[in-house]
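Thank you all for making the time this morning. I would like to walk through one model with you, so please have the sequence and the structure open while I talk.

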Amino acid sequence: MTLAAGSCPNGHVSYPTHPRCPECGEPQDETVDLSDRTAEVVTWTTSTATPPGVREPNTLAIVEFDVSDLDAEDEFVRALGQVTTDDVESGDAVEPVYVEELRDPDVGLKRETQASQDWDGYRWDPV
């Protein structure tokens, strides 16, 4: 599992990657690894009514990664993800942390499709 953003020849950066740039339609032919960067919380929410297999409460945040060090048109790229704690505020610095299961794989899906599902990913951990 990677935390990769895509970039196109016109310098647009987006997360997740896309076959074509959402901004200009050019192919996204390069990726930017966001897993070793810190981000800033733009906004967050806590859900107390979650689907089966998802932790409750489940705090989610939109975070903004600074990519101004790249030779790109965009200076920031945003991503949505779970937060490791319920104690988070807008403006907090976070870093991605890899987890093997973002939700319980035994809940909520048909067994015959379970093996084809990826359960790993990244959460945002306050720095």
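Let me begin with a question to keep in mind while you look: in β6, which residue is the bridge partner of Ala61? The answer is Gly81, and that pair belongs to a longer register, since β5 and β6 run antiparallel and are joined by seven bridges. Before going further I should say that this is a predicted model, and everything I describe should be heard with that in mind.

First, the general layout. The protein has eight strands and one helix, and read from the N terminus the order of elements is β-β-β-β-β-β-β-α-β, with the helix placed between the seventh and the eighth strand. The C-alpha trace spans about 40 × 35 × 20 Å along its principal axes. Of the 127 residues in the protein, 33% are buried, and among contacts with a separation of 6 or more, 51% are between residues 24 or more positions apart.

Now to the strand pairing, and I start at the N-terminal end. There is an open sheet of three strands, in the order β2-β1-β3, and the pairing is antiparallel. The edge positions are taken by β2, residues 13-14, and β3, residues 30-33, and because each of them has a single partner strand, one side of each is left without a neighbour in the sheet. Within this sheet, β1, which covers residues 4-7, is joined to β3 by four bridges, and one place to look for this is Gly6, whose bridge partner in β3 is Thr31.

Further along the chain, β4 and β5 are paired in the antiparallel sense over eight bridges, and here Thr46 has Thr59 as its bridge partner in β5. The strand β4 also runs antiparallel to β7, residues 93-99, with two bridges between them, and in that pairing Glu40 is matched with Ala93 of β7.

Two of the loops deserve a careful look at the backbone. In the loop between β2 and β3 we find Pro16, and the peptide bond leading into it from Tyr15 is cis, with omega near -5°. The loop between β4 and β5 holds Pro57, which is joined to Glu56 by a cis peptide bond with omega of about 0°.

Let me turn to the interior. The largest nonpolar core has 18 residues, and those with the most contacts inside it are Leu34, Val63, Phe65 and Trp124. At least two residues of this core come from each of β4 (39-47), β5 (58-66), β6 and β8, and the largest share, three residues, is supplied by β5. If you centre the view on Leu34 and leave aside its neighbours within four places in sequence, you will find it in contact with Leu3, Ala5, Tyr15, Phe65, Val67, Val77 and Pro96.

A second residue to centre on is Val83, which sits in the loop between β6 and β7. Is Val83 buried or exposed? Its relative accessibility is 1%, and it therefore counts as buried, the cut-off for buried being under 20%. Beyond its neighbours within four places in sequence, Val83 is in contact with Arg55, Thr59, Leu60, Ala61, Val88, Arg123 and Trp124, a list that includes Ala61, the residue I asked about at the start. The C-alpha atoms of Val83 and Leu34 are separated by 16 Å, and the two residues are 49 apart along the chain.

Finally, the largest pocket, which holds about 180 Å³ of space. Its lining is made up of 13 residues, and those nearest its centre are Leu3, Tyr15, Leu80, Gly121 and Tyr122. Both β6 (76-82) and β8 (121-126) supply at least two residues of that lining. What is the make-up of the lining by class? There are nine nonpolar and four polar residues, and no charged ones.

If you keep the structure open, Tyr15 is a useful residue to end on: it is among the residues nearest the centre of the largest pocket, it is in contact with Leu34, and the peptide bond from Tyr15 to Pro16 is cis. I am happy to go back to any of these views.

Notes
Residues are numbered from 1 along each chain as its sequence is written. This is a predicted model: local features need pLDDT of at least 70, side-chain atom pairs count only at pLDDT 80 or more; totals for chains, interfaces and linings use all residues. Side-chain values use heavy atoms; hydrogens and water are left out. On a 1 Å grid over the protein atoms alone, a cavity is a set of points where a 1.4 Å probe fits but cannot get out, and a pocket is an open set with protein on both sides within 12 Å along at least five of seven lines; lining residues have an atom within 4 Å of a point. Grid points are joined across faces, edges and corners, and a volume is the space filled by probe spheres set on the points. Ala, Val, Leu, Ile, Met, Phe, Trp, Tyr, Cys and Pro count as nonpolar, Asp, Glu, Lys and Arg as charged, and the others, Gly among them, as polar. Two strands pair if DSSP finds at least two bridges between them. A nonpolar core is a set of buried Ala, Val, Leu, Ile, Met, Phe, Trp, Tyr and Cys residues joined through side-chain atoms within 4.5 Å. Buried means under 20% relative accessible area, exposed over 50%, partly exposed in between (1.4 Å probe, protein chains only). Contact means heavy atoms within 4.5 Å.
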